[in-house]
Amino acid sequence: MDKQLLSMLVCPLCKGKLKYDREAQELICTFDGLAYQIVDGVPNMLESDARLMTEEEKLEKAAGSTKQASAES
Ligand SMILES: [Zn+2]
């Protein structure tokens, strides 16, 4: 996705910065815990279409790394 376009996009709810998840092709608002999907390179910024993330996902995205989850149980 175009970096310049990405930097212009903000969350429609809180007007905060979004985080681009390349693997999931989603734009993440960690504040609202919403993931906006990118379809064919075009971000769908409708709140009604956004995916509500789980608490676990929110923590992962906020931490910036999904690869360091420990195996605690
Ligand atoms: Zn937001």
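**Strand pairing and backbone turns in the predicted model**

In this predicted model, strand 1 and strand 2 form a hairpin with 4 residues between the strands, in which Gln25 adopts a positive phi near 55 degrees. Gln25 lies in the loop between strand 1 and strand 2, and its phi is a positive value in a residue other than glycine. Gln25 has 15 other C-beta atoms within 10 Å and is therefore partly exposed, since buried status requires 20 or more and exposed status 12 or fewer.

Strand 1, comprising residues 19–21, runs antiparallel to strand 2, and 3 bridges join the two. Within this pairing, Tyr20 is positioned opposite Leu27 of strand 2.

Strand 2 is also joined to strand 3 (residues 34–39) by 4 bridges, again in an antiparallel arrangement. Here Glu26 has Gln37 of strand 3 as its bridge partner. The hairpin of strand 2 and strand 3 has 4 residues between the strands, and Gly33 takes a positive phi near 70 degrees in it.

Strand 2 itself, spanning residues 26–29, is covered on both faces. Glu26 and Ile28 are buried on one side, and Leu27 and Cys29 are buried on the other.

A positive phi also occurs at Lys15, a residue other than glycine, with a value near 60 degrees. Lys15 is located in the loop between helix 1 (3–8) and strand 1. Lys15 counts as exposed because it has 9 C-beta neighbours inside 10 Å, the limit for that class being 12 or fewer.

Conventions: Residues are numbered from 1 along each chain as its sequence is written. This is a predicted model: local features need pLDDT of at least 70, side-chain atom pairs count only at pLDDT 80 or more; totals for chains, interfaces and linings use all residues. Two strands pair if DSSP finds at least two bridges between them.
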